[in-house]
2 protein chains.
Amino acid sequence: MDDIRDLSRWPIIVAPMAGGPSTPELVVAAAQAGALGFLAAGYQTAAAMNAEIAAVRTASDAAFGVNVFVPQASTADPAKVAAYVAALEPDARRLQTPAGQPVWDDDSWDAKIESLLADPPALVSFTFGCPPADVAAAFRDRGTFVAVTVTSPDEAAAAVGAGANCLCAQGFEAGAHRGTFANDERPGQDYGLLALIGEIGQVTEVPVIAAGGIAGPAAVAAVLAAGATAAQLGTAFLRCPQSGARQAHKDALADPRFTTTAITRAFTGRRARGLVNQFMIDHPGAPPAYPEIHNATRPLRAAAAAAGDPDRLNLWAGQAFRAACDHAAGEIIERLIPGTKRN
Amino acid sequence: MDDIRDLSRWPIIVAPMAGGPSTPELVVAAAQAGALGFLAAGYQTAAAMNAEIAAVRTASDAAFGVNVFVPQASTADPAKVAAYVAALEPDARRLQTPAGQPVWDDDSWDAKIESLLADPPALVSFTFGCPPADVAAAFRDRGTFVAVTVTSPDEAAAAVGAGANCLCAQGFEAGAHRGTFANDERPGQDYGLLALIGEIGQVTEVPVIAAGGIAGPAAVAAVLAAGATAAQLGTAFLRCPQSGARQAHKDALADPRFTTTAITRAFTGRRARGLVNQFMIDHPGAPPAYPEIHNATRPLRAAAAAAGDPDRLNLWAGQAFRAACDHAAGEIIERLIPGTKRN
């Protein structure tokens, strides 16, 4: 197996969506429709990740991917974080739930890598940075494709240097967290997907999975024409029955009250794209502090979801969210396939 | 003539680039290579526009477009503008040139429209808003295609409602000014090109010219696959000999010291994408005041250009600027043509 295109019948990937949306059922449905599915290890324990992997393997022999968050040294300024958590007080009162502790954690990195290396999936992708070179090499030695999520040509070059043999090029259009390595404010890091694919093609020849704002067969055809090896879609599947997204999130994606998306640090301390809602508007100045602010807002988001309050929930969505429908994942994939045949 | 594709042999458009880069020579070279060229009426007198139109018509019978800026009511807060102009003092000292008066103007709208209606080109495009419905209708009555530059699906719907029979969909990746109608800070207005083409396709069926970050034949193929009628490129032609861009601008595009682009109001009071340089870094907080700040910085930019100082010049560039080369316009077009044949 030396071509990532051999992992699935069609060059269509159902994106990893951490925090609930990605489920074993979604991965299996993707495989049954000829696409490549992804589990999302982020925010889970290693044991929960392993249970999901086992569930997929019980239901299907198909290849699938697992996405892992790469922990980064904390960038949190404690005073700014404390001020931000204090500013969450009105939300906490309204939701009758105190904010969480703004603590750093490594998302169980060591345990997840140990489990994945012991019984590796066909593809492992990393987000928020590169894995150490020895980890990348260990996966490659086991025949696993190693993808790194990149948002700029510089990150692409760094990822290939760190041992990635595949890249996930994430355009600015994409829903949820930007995969940008550094959680900072440098200008010029927000590449549109089409320009990003072209720029990455100037620095490396490894296969590129294109992600961000892809909604239908025409967009699939477009990224393949631009030079991508496969098209990865997340938001398009958020509302499908196999998605584990919260009901309030699914409903908001179809609610005409939400008309646009923007990038915010308000929910997690890291830049992420979601539907513009009241929480995003109320908290424009969140400092770069991930996962500290993620951990602080977690109980608030859980309470908002339980209360069905979309205005205090992170409503991750890419720019093409209006096209997301509630059909079965297999039907959504079926509708994308003509886009893979045009080139 | 009822299809914009009939205006040129290939669905490739050389973008209007106001302020110097667009020249009659560039329009003629585009036509000779089978592409559609554009004159840029912005920042010119009507007489200068007319002279350029006459120069093109003398050299070529081919169709071409003229782009016009739509004046908008001033959004300038006089105190903020005054503070910003005061903050330009170190630049003025360094360049030994005082800043200009931050005055509003309408870019000679009436005179330009009168001239264009009297002897219309094949295509007129508008930027920074919609023309009044009677102006759009008058052009359409004369057989002229009426395009409006749009940056969101809402603007696309408004433009079609105002009488546009063609749209220029400008992705966030594009160099120079965003064509966004309102000069404000609303979140969620920065669509990537691919998502924008798809979203516009949901609200209207008029032909869409795709612009923003298109650098080579693969990107041309991509936007056509996405559903665009033609691909419009600006930055790709900035360095060519037919471009009237300032030499310091041309040189900066090839200077490895400039590594990325960002969107700024620093130069003109309206959001525009250029190479990140010292002026952009020094002046992050320019207020939304166009053309007031454009007029204030104009003498400084002219002095910087004369001094060959790229750090005080507006170095407009799209995200794919690294691909811009100094070959003749016809050669650049020749290299794009294979991208038009893939669909």
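**A tour from the interface outward**

Begin with both chains of this predicted model in view: 100% of the interface residues of chain A are also interface residues in chain B, so the two copies meet through the same surface. Select that contact next, and the selection will take in 34 residues from chain A and 34 residues from chain B. On the side of chain A that touches chain B, colour helix 8 (193-203), helix 9 (217-226) and strand 10 (261-264), each of which supplies at least two residues. Helix 9 of chain A deserves a selection of its own, since with 7 residues it gives the most to this side. If you then colour the side of chain A that touches chain B by residue class, 17 nonpolar, 13 polar and 4 charged residues appear.

Now turn to the relation between the chains, where a rotation of 180° with 0.0 Å of shift along its axis superposes chain A on chain B, at an RMSD of 0.0 Å. That is the relation of a two-fold axis. To place the axis in the viewer, select A:Ala222, whose C-alpha is the nearest to it in chain A, at 2.0 Å.

Finally, hide chain B and show chain A as a cartoon, in which 14 helices and 11 strands can be followed. The radius of gyration of chain A is 19 Å, close to the 20 Å that the globule rule gives for 343 residues, so the chain is as compact as a globular protein of that length. Along the principal axes, its C-alpha atoms fill a box of roughly 55 × 40 × 40 Å. Colouring chain A by burial would mark 59% of its 343 residues as buried, and in a contact map of the chain, residues 24 or more positions apart account for 70% of the contacts with a separation of 6 or more.

Definitions and conventions:
Residues are numbered from 1 along each chain as its sequence is written. Chains are lettered from A and ligands numbered from 1 in the order in which they are written. This is a predicted model: local features need pLDDT of at least 70, side-chain atom pairs count only at pLDDT 80 or more; totals for chains, interfaces and linings use all residues. Copies are superposed by least squares on the C-alpha atoms of residues with pLDDT of at least 70 in both. Two residues are in contact if their C-beta atoms, placed from the backbone, lie within 7 Å. Helices (H or I, at least four residues) and strands (E, at least two) are DSSP runs, numbered from the N terminus. Ala, Val, Leu, Ile, Met, Phe, Trp, Tyr, Cys and Pro count as nonpolar, Asp, Glu, Lys and Arg as charged, and the others, Gly among them, as polar. The radius of gyration is taken over C-alpha atoms; the globule rule is 2.2 Å times the number of residues to the power 0.38. A residue is buried if 20 or more other C-beta atoms lie within 10 Å of its own, exposed if 12 or fewer, and partly exposed in between; C-beta atoms are placed from the backbone.
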